[in-house]
Amino acid sequence: MPDVNRGDEAPRHTSGVCDGISADLRLTARAANPAGTVVEVRGVRIGGPEVVIIAGPCAVESEAQLLAAARAVKAGGASVLRGGAFKPRTSPYSFRGLELEGLRLLALARAETGLPIVTEVMDARHLPAVADCADILQVGSRNMQNFTLLEEVGRSGMPVLLKRGMSATLAEYLQAAEYICAAGNTQVILCERGIRTFETSTRNTLDLNAVPMLHRETHLPVLVDPSHGTGHAWMVPALASAAVAAGADGLLIEVHCDPGAALSDGVNSLTPDRFRQMVQQVARVAAAVGRAIL
Ligand code: PEP
Ligand code: MN
């Protein structure tokens with residue numbers, strides 16, 4: 001059946017200039033796997049009919065902080081735990097993560113909750129350690145065009161969550177995904193996380209155009225991260241709902257039990273209560289578009 005949200009019946013090129021994504025996408029183009037790729041991690045299927053919620057703190061700060069957040073997001077409806085052990089920070093003087101100790105704590109949180117782990121790998125030198133702990137390797141916005149890192153995570157064969165560069169076009173984004181696939185790994189999950197525009201009231205401009213466009217052009221699952229996409233915790237539920245209405249396969253949400261005390265991104269982190277309410281709201285939107293929360 002044609003998918004109305006993917007524009008299956010619309011002409012592919014209509015306006016001349018803004019005519020979709022034009023790039024050499026041998027492995028990532030939808031035609032390479034018309035049914036769509038499902039990435040399965042410890043029984044969680046990302047890219048299937050259900051909407052997957054990935055949640056957790058921006059950074060792993062301590063055992064108590066991570067375990068409290070992990071229990072809260074599990075209780076609130078998440079099926080994957082996020083948390084940065086290696087943090088890319090604009091200032092070298094900001095908290096940059098617990099690194100190897102952070103990885104150890106993530107493994108502990110998985111052992112306790114059973115939630116699979118996604119965590120960022122910032123540098124190919126850290127890949128063996130991160131791959132040892134993570135179920136999904138995150139490549140962050142700032143590294144979207146780190147081509148040697150893309151090839152390394154491709155060679156790892158592990159699921160990769162590739163975030164969109166903050167100034168990357170969708171053509172550049174899919175070519176970055178193509179690097180991973182060309183290294184032998186099509187277990188790639190895309191994530192729109194906001195782009196830089198002239199707007200200053202929000203941290204980024206969440207480009208929800210990306211969701212139907214990526215679904216039309218590629219077979220890879222598409223997530224949305226409204227936490228970094230807005231930079232305001234109060235906006236996250238609205239944009240999470242909008243993302244699911246637009247067809248997102250899942251959400252990446254930052255949650256902290258005490259956002260005011262967070263060492264990074266407290267300003268866009270939901271409390272466990274707000275997270276739980278957000279999931280309930282998103283579940284109603286998912287039902288309206290014929291989907292359910294995993
Ligand atoms: C993150 O999700 O932890 C993160 C650093 O996001 P981004 O790479 O999108 O800025
Ligand atoms: Mn963050």
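A residue is counted as near a molecule if one of its heavy atoms lies within 4 Å of that molecule. In this predicted model, that criterion places R82, K87, E120, Q138, G140, S141, R142, K163, R193 and H228 around ligand 1. The shell is made up of six charged and four polar residues, with no nonpolar residue. Ligand 1 occupies the second largest pocket.

Polar contacts to oxygen atoms of ligand 1 were examined next. R193 places a polar side-chain atom 2.7 Å from an oxygen atom of the ligand. S141 makes its approach through the backbone, where an N or O atom lies 2.8 Å from a ligand oxygen. For K87, a side-chain N or O atom is 2.9 Å from an oxygen atom of ligand 1. Taken alone, ligand 1 exposes 300 Å². The protein buries 97% of that area.

The second ligand is a manganese ion. Its coordinating atoms are SG of C58, NE2 of H228, two OE entries from E254, and OD of D265. These donors lie at 2.0 to 2.8 Å. Along the sequence, the donor residues follow the spacing C-x169-H-x25-E-x10-D. C58 belongs to the loop between β3 (50–56) and α1 (63–76), whereas H228 is in helix α7 (residues 226–230), so this pair ties together parts that are 170 residues apart in sequence.

H228 features at both sites. The residue is listed around ligand 1, and its NE2 atom coordinates the manganese ion.

Methods: Residues are numbered from 1 along each chain as its sequence is written. Chains are lettered from A and ligands numbered from 1 in the order in which they are written. This is a predicted model: local features need pLDDT of at least 70, side-chain atom pairs count only at pLDDT 80 or more; totals for chains, interfaces and linings use all residues. Side-chain values use heavy atoms; hydrogens and water are left out. A polar contact is a pair of N or O atoms within 3.5 Å; within protein, one must be able to donate a hydrogen and the other to accept it, and residues adjacent in sequence count only if both atoms are side-chain atoms. Accessible areas come from the Shrake-Rupley method with a 1.4 Å probe; for residues, only the protein chains shown count as cover. On a 1 Å grid over the protein atoms alone, a cavity is a set of points where a 1.4 Å probe fits but cannot get out, and a pocket is an open set with protein on both sides within 12 Å along at least five of seven lines; lining residues have an atom within 4 Å of a point. A molecule sits in a cavity or pocket if more than half of its atoms lie within 2 Å of its grid points. Ala, Val, Leu, Ile, Met, Phe, Trp, Tyr, Cys and Pro count as nonpolar, Asp, Glu, Lys and Arg as charged, and the others, Gly among them, as polar. Donors are N, O and S atoms within 2.8 Å of the metal (3.2 Å for Na, K and Ca); water is not among the atoms, so sites may look incomplete. Helices (H or I, at least four residues) and strands (E, at least two) are DSSP runs, numbered from the N terminus.
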